[in-house]
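Reader: Please take me through a close look at one buried spot in this model. Then work outward from there to the packing, the rings and the ligand sites.

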Amino acid sequence: MESIRSISVGPGSLTYTDFPWIIEHNEDRCVLCGKCAAVCPMESLELSYSRSRVPKLDILKKKRQSEYKVVVGIRQKTDTAHRCVGCGMCSMVCPNAAIGPRYNDNEHRTVFFADKKGDPYKRGGRKNQPGPTLLDRIVFDRISMLTDPALDAGRHEFYMNTVLGRVLPPEEFLRRKQSGEWIPPTREIFPFIIGGMSFGALSPNMWLGMLQGVAYCNEVLGIPVVMSTGEGGCPPWVLRSPYLKYLILQIASGYFGWDEIIRAIPEMVCDPCAIEIKYGQGAKPGDGGLLMGFKVSKLIARLRGVPQGVDLPSPPVHQTLYSIEESVGKMIQSLSTLFGFRVPVYPKISATTSAKAVLNNLVRNPFASGLCIDGLDAGTGAAYNVSMDAMGHPIASNIRECYLELCKQGRQNEIPLFAAGGVGKNGNITQNGMALIMLGASGIHVGRYIMQAAAGCLGNEKNRCNICNIGLCPKGITSQNPKLYRRLDPDQVAERVVEVFLSIRTEMKKIMAPLGRSQSLPVGMSDALGIADAEVAKRLQIKYVC
Amino acid sequence: MCRLALKSADDPFSPYEVLTAMEAMREGYDGSGLGLLLRGISFEDFNYKPNRPILSGIVQSEAALHRLNKFMEDRGFELRYDHEFDLDRRVLEVGDQYKYVIRVYRLPDDWSSKSEEEVENLLMHTRLDLRRDGEEHDGDLTVFSFWPDVMMIKEVGWPLQVGDGLSLHDGRIKARVVMAQGRQNTNYGINLYACHPFFIQGISTMTNGENTAFVPIRDWLLGLHKPGYQGYQSDSEVFTHILHYTLKELKLPLQAYKHIITPLKTEELEKHPSGDFLRGLRDSCRRLIIDGPNCVIGTLSDETCLMVMDHKKMRPGTVGGRPGCWAMASEMCGVESLVPDRDRSLDFQPMREHTVIIPPDRKELVIWSQFDPYPLAQAA
Ligand code: SF4
Ligand code: SF4
């Protein structure tokens, strides 16, 4: 027998029942193929053996004795670096349904040990708050039926596109048209936009798959879907391809990837859809982007012009600029100039109580083409847990406030508002998006939903997986490790992207038809909205229904 | 579904004719109100000069009438004619209106030095001030229009019954253009201001069907803070204001109305000779795109009449007639009743791209298509 003092149990020692996910392994069914351990991104599993006593009772000889045998099996590791994240990949590959993670609804103590080496816990994903969101609870209740029957979602022709770009007031448009002055550029796009997820945050296969899907939507199906690159530029060949017109190039405070973009300008065969200047991220205001060193592969390092394997935090503000007013004044104008005033340029900010002030500055800036507001439920590839869970402003009331402010000034079709942040968090992508549109958004940015629906991202709001930050994505979506991202077939992603947008389009019709709307996107059609919460109804200036 | 009828003829006729057309279209209709607009007016017992403004409305009490009189006198309007309807209160559903006002005024002397635009604005402000005054006094004074050569009557009830109650068949009032809407009560309460036709500065439209894009359009028009763009007690009232905005504020030709309320699709504009301009116009007027199964019928100060359908064209209107006499109605039988002696084979039902115009000379119909080149220098 070993003495108890020789077994090391330190302050940081944990048992597997202290972990958020417990691996359940059925030894009777296991054939020891080892697939689970091979697929596990966290290396949580180890094959281990133990000597086990098999009691033996020989009744005739009236003699008791033991036999010993060596048992080989799967064990869960109990250090936080190898914690099981509940992704379930092991159960996906197990031939005998012998293994799988179980959510530990007991208090799990890993939270106390997440700050290894004095670094607070970072993760990818979204605010871990399950349950219906506010957007989920909004209903569309203005059903057209009195003098006119509702439209037929299956047979009518629907016009569902939105406009990205500054729209002049009619008088000003006519004046400029007559005097031959500059008219700000606009783009007609599908209102659901693939939001900024950078090349770097996403694996090359994921990125390529999305781009293929977007191109198919545009060129074959005629759905003008566009996607934002996020910070970090995009592959050089894309910059020189006709696909550039489906891309919103993002410039963020780290300016990563912009060397490549600037170099490519003389060789661009078309203009990009738009330029998005990122000032803030809804999921972590006060932090810029953060690409952790795990994901800075050789390719990413080259594109971003940095050494391999270093953490790439973008500063939370544009360091060369003193204030948002100055940013708006300088960056929007210089980027417009860069692209010959042919490309809409707009900022993306995190939803905050000062969003309205930013908006009012933009309204007065003749070159500003829109405003993207990112709410606190937005997803991220890497953020400090505390930022993600506790910082920011919800999107619904923020977008509504901004829209009503524009209404007051009679300028609601001039600066289009785009909303992001937790849209489709529970899968209700079209409902959430349309609710935001009727609250006043011209369009919606979706990130995480696309990863989930088009590439099978396993993350959820119960802290399942959410390891996008460390480059170990079990599906290969957010990993720069070829061993992992080769798991993802770009063609299949493209197929799924197309399926997703086709479904969104169908669902949009199912919402618009009963409202009697088919000729224009119901932006600001707040008479169609109701919610069974009097306080929310009052705040959003929509109907209270129950 | 509301019933719409319009007749435009060289020879003035009784508005009762249009009410009988309304009766022809009565199937499937609940007759909850009547709105009438007359232009090119002649009175049997008064020699009306078409430059004099006519005030039309309803006064509910003697006190309100006094206030009206005082208001007009204070502003220097001189009453020239006060039409007394030969009322049959037993037939009227609402028997207790104190007085239906149709009055001709002479403009204040000091207005003669004002420009046409100033006079138009002052007339509108006078109407709005009166309307506000009525609203401040429990709605005892309702003013529908105050404009030269336009008169409006609105009342709750079956159209023909209202006509009988006001004795519109007696021939004392005649007009060259009569536009009538038989109201079907729909999404808003029964309110005389919610009753079509709507009127602003000589421009008037009426509509059937429901405008589902009402709230965004209303919000945008209100945001312009133009004095006349207010009230909005009906979802279709915004159609009139969009027409006013197109013609008076943007100073665009009538053809632009259709391009604003039901713009062409991008693919169509790509092939259109004025596509670039029209696309810009569509973007900047995006909030004014109407959405609903509507037929819009309207008239302008110069007696031009028009009809357009919304994009979906679920409620087709019909136009027919002969040189000198034309009719527009929401149902075929309405046209039939208004101009029976016409070549029926020339009846026309506008498609979603058409604007049908009866020009003031009433010689022939103009059918203008959105696919035709846009008629103005702006497009160049
Ligand atoms: S659920 Fe995922 S992280 Fe956990 S053991 Fe299985 S594969 Fe590894
Ligand atoms: S994949 Fe299944 S059968 Fe294979 S080792 Fe793991 S648990 Fe055992």
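**A buried loop residue and what lies beyond**

Author: Start in chain B, with B:Ala194, which sits in the loop between strand E9 (173-183) and strand E10 (198-200). A caution before going on: this is a predicted model. B:Ala194 has a relative accessible area of 0%, so it counts as buried. Its C-alpha lies 4.7 Å from that of B:Ser234. Along the sequence, B:Ala194 and B:Ser234 are 40 residues apart.

Step back one residue from B:Ala194, to B:Tyr193. The charged end of B:Arg131 sits over the ring of B:Tyr193. The distance to the ring centre is 3.8 Å. Chain A offers a contact of this kind too. There, the charged end of A:Arg51 sits over the ring of A:Tyr68, 4.1 Å from the centre.

Now the helices. In chain B, helix H5 spans residues 214-223. Of its 10 residues, 8 are buried, so the rest of the structure largely encloses this helix. The buried set runs from B:Phe214, B:Val215, B:Pro216 and B:Ile217 to B:Asp219, B:Trp220, B:Leu221 and B:Gly223. What covers them? Part of the cover comes from chain A, including helix H4 (170-179) and helix H12 (395-408). Helix H6 (237-249) of chain B is also among the covering elements. Just after H5(B), B:His225 takes a positive phi of about 55°.

Look at the contact from the chain A side. In H4(A), the buried residues are A:Pro170, A:Phe173, A:Leu174, A:Arg176 and A:Lys177. They pack against H5, H6 and H9 of chain B. H4(A) is followed by a positive phi as well: A:Gly180, just after the helix, has a value of about 70°.

H9 of chain B deserves its own look. B:Arg282 lies in this helix. Its relative accessibility is 5%, so this arginine counts as buried. Which residues does B:Arg282 touch, leaving aside those up to four places away in sequence? Two come from chain A: A:Tyr159 and A:Glu188. The others belong to chain B: B:Pro263, B:Leu264, B:Lys265, B:Thr266 and B:Leu269.

H9 of chain B also carries an aromatic residue of interest. Over all chains, the whole structure holds 21 aromatic pairs. One of them joins B:Phe277 and B:Tyr374, with ring centres 5.1 Å apart and planes at 40°, a tilted arrangement. This pair links distant parts of the chain: B:Phe277 is in helix H9 (residues 275-284), B:Tyr374 is in the segment after strand E17 (366-369), and their positions lie 97 residues apart in sequence. Both B:Phe277 and B:Tyr374 are buried. Elsewhere in chain B, B:Phe43, B:Phe46, B:Tyr48 and B:Tyr81 form one aromatic cluster.

Cross to chain A for the ligands. Ligand 1 is surrounded by 14 residues. The closest are A:Cys40, A:Cys84, A:Cys87, A:Gly88 and A:Cys90. By class, this shell has 11 nonpolar and 3 polar residues, and no charged ones.

Ligand 2 has a shell of its own. A:His25 is part of it, and so is the run A:Cys30, A:Val31, A:Leu32, A:Cys33, A:Gly34, A:Lys35 and A:Cys36. A:Cys94, A:Pro95, A:Ala98 and A:Ile99 complete the list. The classes here are 9 nonpolar, 2 polar and 1 charged.

What of the cysteines? The disulfide count over all chains is 0. A:Cys273 is thus a free cysteine by this count: it is in no disulfide, and the nearest cysteine sulfur, that of A:Cys270, is 10 Å away. A:Cys273 has 1% relative accessibility, so it counts as buried. A:Cys40, one of the closest residues to ligand 1, is also buried, at 15%.

End with another loop, this time in chain A. A:Gly447 sits between strand E19 (443-446) and helix H14 (448-455). At 18% relative accessibility, A:Gly447 falls under the 20% cut-off, so it counts as buried. A:Gly447 touches A:Gly195 and A:Met197, not counting residues up to four places away in sequence. A:Pro313 is another matter: its C-alpha is 20 Å from that of A:Gly447, with 134 residues of separation along the chain.

Note on methods: Residues are numbered from 1 along each chain as its sequence is written. Chains are lettered from A and ligands numbered from 1 in the order in which they are written. This is a predicted model: local features need pLDDT of at least 70, side-chain atom pairs count only at pLDDT 80 or more; totals for chains, interfaces and linings use all residues. Side-chain values use heavy atoms; hydrogens and water are left out. Helices (H or I, at least four residues) and strands (E, at least two) are DSSP runs, numbered from the N terminus. Buried means under 20% relative accessible area, exposed over 50%, partly exposed in between (1.4 Å probe, protein chains only). Contact means heavy atoms within 4.5 Å. A residue is near a molecule or strand if one of its heavy atoms lies within 4 Å of it. Ala, Val, Leu, Ile, Met, Phe, Trp, Tyr, Cys and Pro count as nonpolar, Asp, Glu, Lys and Arg as charged, and the others, Gly among them, as polar. Rings of Phe, Tyr and Trp (its six-membered ring) pair if their centres lie within 6.5 Å; planes under 30 degrees apart count as stacked, over 60 as edge-to-face and the rest as tilted. A charge sits over a ring if NZ of Lys or CZ of Arg is within 6 Å of the ring centre and within 35 degrees of the ring normal. A disulfide is a pair of cysteine sulfur atoms within 2.5 Å.
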